[in-house]
Amino acid sequence: MVDLTVCPCALAALQLLQMGYFPSVPLGPTLAVSLQLLSLVRQVFMCMAPNISAWCESLEAYLASMGYKVDTRVCA
């Protein structure tokens with residue numbers, strides 16, 4: 001939970017965006033989603049295919065964009 005001080009000069013939606021969250025509605029949001037999570041979902045849908053390999057590749061690409069390296073591939 002996050003407490004916000006809201007006034008006409010500091011809208012709740014703008015404060016949430018500055019904190020890294022996307023508000024559910026522009027005025028009086030009661031729910032917000034992490035921009036990082038939205039980035040992951042976008043990446044998943046861009047690489048979507050009806051198999052687990054595409055999901056794994058999307059997750060690896062997302063983690064790589066955040067500076068992580070996944071090195072668990074097994075070569076046959």
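# Notebook: looking through a predicted model

**Entry 1, the loop between β1 and β2.** I began with Val25, which I located in the loop between β1 and β2. What is the relative accessible area of Val25? I read 36%, so Val25 is partly exposed, since the exposed class begins only over 50% and the buried class lies under 20%. I then looked for its distance to Ala12, and found that the two residues are 13 apart in sequence, with 9.8 Å between their C-alpha atoms. I keep in mind throughout that this is a predicted model.

In the loop between β1 and β2 (32-34) I also looked up Gly28. Gly28 counts as exposed, because its relative accessibility is 58%. From the C-alpha atom of Gly28 to that of Ala13 I noted 7.6 Å, although 15 residues separate the two along the chain.

**Entry 2, confidence.** Before going further I checked how sure the predictor was. The mean pLDDT of the protein chain is 84, and 92% of its residues reach 70 or more. Where in the protein chain is confidence highest, and where is it lowest? The highest value belongs to strand β1 (residues 21-23), at 94, and the lowest to helix α3 (residues 52-65), at a mean of 83. I wrote a reminder to myself that where pLDDT is low, the predicted coordinates should not be read in detail.

**Entry 3, Gln15 in α1.** Next I turned to helix α1 (residues 12-18), in which I found Gln15. Is Gln15 buried or exposed? At 16% relative accessibility Gln15 counts as buried, because the cut-off for that word is under 20%. I looked for its partners, leaving aside the neighbours within four places in sequence, and noted contacts with Leu4, Thr5, Val6 and Ala10. With Thr5 I could be specific, for a polar atom of the Gln15 side chain lies 2.8 Å from the backbone oxygen of Thr5.

**Entry 4, helix α2.** Helix α2 (residues 35-46) has twelve residues, and from its first C-alpha to its last I noted 16 Å, which is close to the 16 Å expected at 1.5 Å a residue. At the start of α2, I found a side-chain oxygen of Ser34 that reaches to within 3.1 Å of the backbone nitrogen of Gln36. Which residues of α2 are buried? I listed Leu40, Gln43 and Val44. Looking down the axis of α2, I saw these buried residues fall within an arc of 100 degrees, so they line one face of the helix. On the face turned away from that buried side, I noted the exposed residues Phe45 and Met46. I also looked up Val41, which lies in helix α2 and counts as partly exposed, because its relative accessibility is 35%. Val41 and Ser24 are 17 residues apart along the chain, and their C-alpha atoms are separated by 16 Å.

**Entry 5, helix α3 and its partner.** I then examined α3, whose 14 residues reach 20 Å from the first C-alpha to the last, close to the 20 Å expected at 1.5 Å a residue. The buried residues of α3 are Ala54, Ser58 and Tyr62. They cover an arc of only 75 degrees around the axis, which puts them on the same side of α3. Against what do the buried residues of α3 pack? They pack against α2, and I checked from the other helix as well, where the buried residues of α2 pack against α3.

To see this packing in one residue, I followed Ser58, which is found in helix α3. Ser58 has a relative accessible area of 1% and is therefore buried. Apart from neighbours within four places in sequence, Ser58 is in contact with Gln43, Val44 and Cys47. I noted also that its side chain reaches the backbone oxygen of Gln43 at 3.5 Å. Just after α3, I recorded that Gly67 takes a positive phi of about 95 degrees.

**Entry 6, cysteines.** Last, I looked for disulfides. A disulfide is a covalent bond between the sulfur atoms of two cysteines. How many disulfides does a search of the whole structure find? It finds zero. I looked at the surroundings of two cysteines and wrote down that Cys9 is exposed, because its relative accessible area is 71%, whereas Cys56 counts as partly exposed, at 34% relative accessibility.

Note on methods: Residues are numbered from 1 along each chain as its sequence is written. This is a predicted model: local features need pLDDT of at least 70, side-chain atom pairs count only at pLDDT 80 or more; totals for chains, interfaces and linings use all residues. Side-chain values use heavy atoms; hydrogens and water are left out. A disulfide is a pair of cysteine sulfur atoms within 2.5 Å. Buried means under 20% relative accessible area, exposed over 50%, partly exposed in between (1.4 Å probe, protein chains only). pLDDT is the predictor's confidence in each residue, from 0 to 100. Helices (H or I, at least four residues) and strands (E, at least two) are DSSP runs, numbered from the N terminus. The expected span of a helix is 1.5 Å times one less than its number of residues. The arc is that of the directions from the helix axis to the C-beta atoms. Contact means heavy atoms within 4.5 Å. A polar contact is a pair of N or O atoms within 3.5 Å; within protein, one must be able to donate a hydrogen and the other to accept it, and residues adjacent in sequence count only if both atoms are side-chain atoms.
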